[in-house]
Amino acid sequence: MTERLVVIGGDATGMSAASQARRLRTAAELEIVVFERSRFTSYSACGIPYWVGGAVPQRDSLIARTEAEHRARDIDLRMRTEAIAIDVAGGRVLARDLESGAETWTDYDKLVIATGATPIRPELPGIDAIGVHGVQTLDDGQALLDTLDRIDGRRAVVVGAGYIGVEMAEALIQRGFEVTVVNRGGEPMSTLDPDMGALVREAMSGMGIEVIGDAEVIELRTDADGRVRAVVTKDAEIPADVVVLGIGVRPATELAREAGLPLGASGGLLTDRAMRVRGYENIWAGGDCVEVLDLVSGELRHIPLGTHANKHGQIIGSGVGGGYATFPGVVGTAVSKVCDLEVARTGLREKDARAVGLQFVTVTIESTSRSGYYPGAASMRVKMLAERRTGRLLGVQIVGREGAGKRVDVAAVALTAGMTVEQMVALDLGYAPPFSPVWDPVLVAARKAMAAVQRDR
């Protein structure tokens, strides 16, 4: 008897799950129906800032697999179709065709929820004005590009200075706009400790981006035609011809909440290690709509990243297809860039460690990407946290020029393995003058952290 899998969401997690399930089960064994409300599927949302900025010239370069390619693999992909209700008891999903408005119930034997996340859009006067954009999907990116091509003014304001805000600020600078970033926090990149975020602010200022910290937006002022003209804080009015919201995202779990499925503190769905929704044998969830286990702190967190989303999809597809796989958790690794400045982090910040009751030592070192005498050696700063007494690595942050960012991967592996900084010092990393100093910057930080731990014992 043929079973039916219904997937809500046709991007990273949803289509990875559908594709993996199809590899394991034929169309005669498993019918696969996917609802996707947008015009695009299987694309890289992480690449949108680079497309907007011009580094990626074509939108379609961000699409990993087209509608036609999915359908050729016997996946019934229904574009511009939005799931609007889940009937868990009845095992069915209500979906609306966004072109015709028609609504239809579809039964399922197995369900995958891959609804992603939605940009935070605060309830402020003028927030829905013409020229105010969130950037989460390819549709969002196209709408922003259409605005940038249409408007005469060259003043852009980015609200928020997280990853998306900082990357969009760079994209707008590259398109020739005057850019102001308004940030609620004191320093950009709240995923870093403030002392490391200050380095990002200094670099942004050096690129001509005005960064206003400790500023809370209270209104977006418009003209008579309803177009945005200024961003208003408690202390200033900043002229704007276009506004990009980079405040962050929240799990898109309204459907799940209405269906009575379990949600965590951040609003993300709660799953087991096989990505099954807790308490439901035939429902899976993954990607930006779930909470994941932080392997360092032991807490559940919402970490919206494409890397996790694709892994979740593979794991879910294996489970749906009769195989077995699990997702153990994350250490919170992320890397970004602002023009030539590379920014990376993994593990816990100081405030994260305090929040879970960990005592720690902190060290910061300055080093270079290559041997100091080798042409092109660029400076970087590495900050490392280690647990008091035990020396267990807790977190690493890196800010520097070319060659800095991906060094965080060494620390991510060490965190996943539960290594101490003393064990890290003994790591046999590759060395040659074009690639690193004799002591790699991460190992220099580990050696300094080891000394701090030993003094503290």
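Colleague: Which residues count as contacts of Val112, leaving aside its neighbours within four places in sequence?

Modeller: They are Leu5, Val6, Val7, Ile8, Ala17, Trp284, Ile316 and Val320. Contact here means heavy atoms within 4.5 Å. This is a predicted model: local features need pLDDT of at least 70, side-chain atom pairs count only at pLDDT 80 or more, and totals for chains, interfaces and linings use all residues. Residues are numbered from 1 along each chain as its sequence is written, and side-chain values use heavy atoms, with hydrogens and water left out.

Colleague: What makes a set of residues a nonpolar core?

Modeller: Its members are buried Ala, Val, Leu, Ile, Met, Phe, Trp, Tyr or Cys residues, joined through side-chain atoms within 4.5 Å. Buried means under 20% relative accessible area; exposed is over 50%, and partly exposed lies in between (1.4 Å probe, protein chains only). The largest such core has 44 residues. Leu111, Val112, Ile113 and Leu269 have the most contacts inside it. Strand 2 (residues 30-36) gives the most to this core, with 5 residues. A second, separate core holds 39 residues, including Ala161, Leu172, Val200 and Met207.

Colleague: Why would nonpolar side chains be buried together?

Modeller: In soluble globular proteins, that is their tendency.

Colleague: How do you know that strand 21 and strand 22 pair?

Modeller: Pairing takes at least two DSSP bridges between the strands. Strand 21 has 5 bridges to strand 22 (residues 341-347), so the pair qualifies. The two run antiparallel. Ala334 stands opposite Arg345, and Val335 stands opposite Ala344. The hairpin leaves 2 residues between the strands, and Cys339 takes a positive phi near 55° there.

Colleague: What does strand 22 pair with in the antiparallel sense over 6 bridges?

Modeller: Its partner is strand 25. Gly347 has Gly395 as its bridge partner there. Strands are DSSP runs of E with at least two residues, and helices are runs of H or I with at least four; both are numbered from the N terminus.

Colleague: Why are strand 21 and strand 23 called edge strands?

Modeller: The open sheet has 5 strands in the order 21-22-25-24-23, with antiparallel pairing. Strand 21 (334-338) and strand 23 (360-368) each pair on one side only. The twist averages 15° from one strand to the next. These angles run from 0 to 180 degrees between N-to-C directions, with axes fitted to C-alpha atoms, for helices over the stretch in contact.

Colleague: Which helices lie across strand 22, and is that strand mostly covered or open?

Modeller: Helix 5 (residues 163-174) lies across strand 21 and strand 22, at about 25° to strand 21. Helix 10 (residues 408-416) lies across strand 22 and strand 25 (393-400), at about 175° to strand 25. Strand 22 is mostly covered, with 7 of its 7 residues buried.

Colleague: Which strands form the edges in the sheet of order 4-5-6?

Modeller: That open sheet has 3 strands and antiparallel pairing. Its edges are strand 4 (81-87) and strand 6 (103-107). Strand 4 and strand 5 (residues 92-97) share 6 bridges. Ile86 has Val93 as its bridge partner.

Colleague: What makes you say that Arg154 lies over the face of Phe177?

Modeller: NZ of Lys or CZ of Arg must be within 6 Å of the ring centre and within 35 degrees of the ring normal. Arg154 lies at 3.9 Å from the ring centre of Phe177. Arg447 lies over the face of Trp439, at 4.1 Å. Both distances are within the 6 Å limit, so both fit that part of the rule.
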